[in-house]
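Work through the exercises below with the sequence and the model at hand. Each task is followed by a solution in steps.

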There are 2 protein chains.
Amino acid sequence: MDGVELVTLEDIRAAAERIRGAVINTPLLPCPWSSADHPLWLKPESLQAIGSFKIRGAFNAVARLSAEERRRGVVAHSSGNHAQALGYAARAFGVPAVIVVPDNAPAVKIEATLALGAEVVLVPMAERMSAAEAIAAERGATLIPPFDHLDVIAGQGTVGLEIATELPDVELVLVPVGGGGLASGVATAVKALCPGARVIGVEPELAADTQESLHADRLVRWTNEQRARTIADGVRTEPSELTFAHLQKLLDDIVTVSEDDIRRAIATLATRARLVAEPAGAVATAAYLTRTDLPRGRTVAVITGGNIDPQLLAACLAS
Amino acid sequence: MDGVELVTLEDIRAAAERIRGAVINTPLLPCPWSSADHPLWLKPESLQAIGSFKIRGAFNAVARLSAEERRRGVVAHSSGNHAQALGYAARAFGVPAVIVVPDNAPAVKIEATLALGAEVVLVPMAERMSAAEAIAAERGATLIPPFDHLDVIAGQGTVGLEIATELPDVELVLVPVGGGGLASGVATAVKALCPGARVIGVEPELAADTQESLHADRLVRWTNEQRARTIADGVRTEPSELTFAHLQKLLDDIVTVSEDDIRRAIATLATRARLVAEPAGAVATAAYLTRTDLPRGRTVAVITGGNIDPQLLAACLAS
């Protein structure tokens with residue numbers, strides 16, 4: 001991975017200036033129910049306006065566009081949190097946004113994206129990327145990917161900047177890994193500002209392709225079907241070469257959690273921290289609650305998002 | 001009510017200094033799903049370490065004690081959020097705390113109070129106050145009431161100070177009314193700093209004793225049985241003369257919401273704002289969602305707490 005340009009602390013500081021006021025500086029929430037020698041704070045990105053950290057990267061990427069690029073608009077393919085994040089950021093800048101959505105996406109997600117003023121184009125699942133590229137080429141619009149982009153990674157890194165600023169003596173940061181954009185940015189900021197802190201990625205056992213890749217020291221691909229087995233839809237994606245280069249250099253370790261661990265963490269977050277977390281949003285807390293092999297000390301778990309199906313939340317509470 | 005000493009903005013500013021660092025300055029969360037001409041922000045006090053705003057008043061009251069008073073300890077009677085708030089604040093100051101709890105209180109609440117290091121004394125419901133007073137007399141401990149105390153009201157008022165500081169052009173603040181401590185403090189700060197803003201109290205229809213009292217211009221008492229009909233256990237209490245004097249002077253209006261309104265607001269907060277609110281915590285949002293007679297404009301709804309029975313939350317999500 002030599003020669004891949006990585007995001008820098010300066011990039012993240014610049015992103016923090018750009019997103020100030022548009023994005024919530026989410027508080028670190030202390031958990032009195034955690035143990036005194038292994039205290040936990042939660043970083044609830046679920047409280048962002050569109051319910052996930054993705055707004056940070058999307059906002060930074062749109063803010064970096066020239067006036068001419070903004071006029072021609074932005075495009076993305078996503079049915080998840082990145083779609084709403086880009087719709088929200090584009091609206092804030094008065095930039096037209098096209099979101100290419102697979103035609104099997106839940107109606108509620110399509111409506112949420114439409115409500116933000118974005119244009120939604122429905123295509124068969126397999127044609128998502130080609131359709132987005134065709135729209136970008138045809139309109140001269142800029143394609144904003146969900147994680148494979150330095151401006152997006154720098155935006156997500158502001159989560160780490162806020163952690164390091166508010167809790168400079170943090171010893172352990174637990175961060176979910178899907179495409180790896182958040183983990184790349186957070187690790188860059190935390191390792192630069194708190195050199196003694198460890199940053200550990202967390203994946204579902206059923207989508208542990210990044211753990212396998214890091215152990216193999218090369219990108220190992222799992223099939224979509226394999227990764228789709230986890231309920232944590234937000235981390236079913238796989239790293240790009242760019243994010244994998246960050247993770248290889250910066251992560252101290254990567255651990256996994258079971259589906260039951262995730263469900264129990266969703267219930268714990270709702271009842272003890274009064275936070276609604278989506279499955280991917282709960283994996284870092286699940287690792288804190290179940291992985292006895294983690295280093296002990298002042299720990300932050302990033303809650304990446306809260307867009308969960310209400311029936312699933314109710315089921316986790318009842319079990 | 002002439003001659004009753006009311007809390008001042010200076011008292012609230014002093015309280016804010018005392019609680020700094022110990023209490024979370026909760027962010028104002030913008031709601032993109034609210035309408036453009038009637039935009040809503042949420043003030044999520046449910047995110048405090050013990051799940052409610054009560055930590056502010058308890059912390060301010062304990063901080064105001066002399067060294068000798070701290071040595072002799074504090075005592076309260078409560079089975080709810082004030083018990084845990086006082087236990088948490090007392091522990092932070094190394095002050096012994098005795099909480100008198102009715103012997104029919106849920107085990108989970110008793111355990112939560114014990115876990116904070118407080119001594120719990122179980123007595124029959126009717127003996128709560130006399131038992132607390134006896135312990136205070138016997139040990140020389142200071143009785144810290146849940147709302148009928150200027151230091152407690154000043155602490156709760158820091159919620160209003162934070163709203164006025166972060167959103168100085170706020171036009172409407174919706175705040176739940178039970179004992180009236182929070183509404184008294186919030187109205188004091190908001191009316192002093194944002195004279196153009198209206199502060200409107202919200203009660204469940206089934207515990208609308210304060211609305212009746214304000215209309216009658218005197219304290220009208222409802223029975224415990226009447227007030228116990230609402231699911232919003234956090235606002236079943238009734239104002240004292242002290243808090244009623246504040247509400248008479250400062251509230252612009254007081255409105256009510258139905259039990260169904262409250263259940264629907266709990267579901268809306270979970271799914272659209274990713275917040276777990278207890279029934280009392282959801283009444284201000286319920287008023288925003290259902291009271292078409294409210295003044296329109298930049299609105300803040302205070303989410304007072306998030307300590308809800310998981311089964312009730314699941315039921316609200318399913319309906």
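Contact means heavy atoms within 4.5 Å. The model is predicted: local features need pLDDT of at least 70 and side-chain atom pairs count only at pLDDT 80 or more, while totals for chains, interfaces and linings use all residues. Residues are numbered from 1 along each chain as its sequence is written, chains are lettered from A and ligands numbered from 1 in the order in which they are written, and side-chain values use heavy atoms, with hydrogens and water left out.

**Exercise 1. The two copies**

Determine which rotation and which shift superpose chain A on chain B, and state through which surface the copies meet.

Solution.
- Step 1. Two copies of a chain are related by a rotation about an axis and a shift along it.
- Step 2. Superpose by least squares on the C-alpha atoms of residues with pLDDT of at least 70 in both copies.
- Step 3. Chain A falls on chain B after a rotation of 180 degrees with 0.0 Å of shift along the axis, at an RMSD of 0.0 Å. This is the relation of a two-fold axis.
- Step 4. Within chain A, the C-alpha nearest the axis belongs to Ala314(A), 2.2 Å from it.
- Step 5. Of the interface residues of chain A, 100% are also interface residues in chain B, so the copies meet through the same surface.

**Exercise 2. The fold of one chain in numbers**

Describe chain A by its helices and strands, its radius of gyration and its buried residues.

Solution.
- Step 1. Count DSSP runs, numbered from the N terminus: helices are H or I of at least four residues, strands are E of at least two. Chain A has 14 helices and 10 strands.
- Step 2. Take the radius of gyration over C-alpha atoms, and the globule rule as 2.2 Å times the number of residues to the power 0.38. For the 319 residues of chain A the rule gives 20 Å and the radius is 18 Å, which is close, so the chain is as compact as a globular protein of that length.
- Step 3. The C-alpha trace of chain A spans about 55 × 45 × 40 Å along its principal axes.
- Step 4. Buried means under 20% relative accessible area, exposed over 50%, and partly exposed in between (1.4 Å probe, protein chains only). By this rule 61% of the 319 residues of chain A count as buried.
- Step 5. Among contacts in chain A between residues at least 6 apart in sequence, 73% join residues at least 24 apart.

**Exercise 3. An arginine with positive phi**

Find where Arg274(A) lies, and decide whether Arg274(A) is buried or exposed.

Solution.
- Step 1. Most residues other than glycine have a negative phi. Arg274(A) has a phi near 55 degrees, a positive value in a residue other than glycine.
- Step 2. Arg274(A) sits in the loop between α12 (259-272) and α13 (279-290) of chain A.
- Step 3. With a relative accessible area of 7%, Arg274(A) is buried.
- Step 4. Repeat for the other copy. Arg274(B) also has a phi near 55 degrees, and its relative accessible area of 7% makes it buried.

**Exercise 4. Surroundings of buried residues in chain B**

Which residues do Val75(B), Thr230(B) and Leu242(B) contact, leaving aside neighbours within four places in sequence?

Solution.
- Step 1. Val75(B), in strand β3 (residues 74-77), is buried at 0% relative accessible area. Among its contacts are Leu86(B), Val98(B), Val100(B), Ala132(B), Ile135(B) and Leu143(B).
- Step 2. Thr230(B), in the loop between α10 (224-227) and α11 (241-250), is buried at 0% relative accessibility. The residues in contact with Thr230(B) are Pro204(B), Leu206(B), Ala207(B), Arg236(B), Glu259(B) and Ile262(B).
- Step 3. Leu242(B), in helix α11, counts as buried at 15% relative accessibility. Leu242(B) touches Val4(B), Glu5(B), Asp148(B), His149(B), Leu150(B) and Ile153(B).
- Step 4. Check one pair: Leu242(B) and Leu150(B) are 92 residues apart in sequence, and their C-alpha atoms are 8.4 Å apart.

**Exercise 5. Two helix residues in chain A**

Is Ala67(A) buried or exposed, and is Ile19(A) buried or exposed?

Solution.
- Step 1. Ala67(A), in helix α3 (residues 67-72), is exposed at 66% relative accessible area.
- Step 2. Ile19(A), in helix α1 (residues 9-19), counts as buried at 3% relative accessibility.
- Step 3. Beyond four places in sequence, Ile19(A) is in contact with Arg56(A), Phe59(A), Asn60(A) and Thr158(A).
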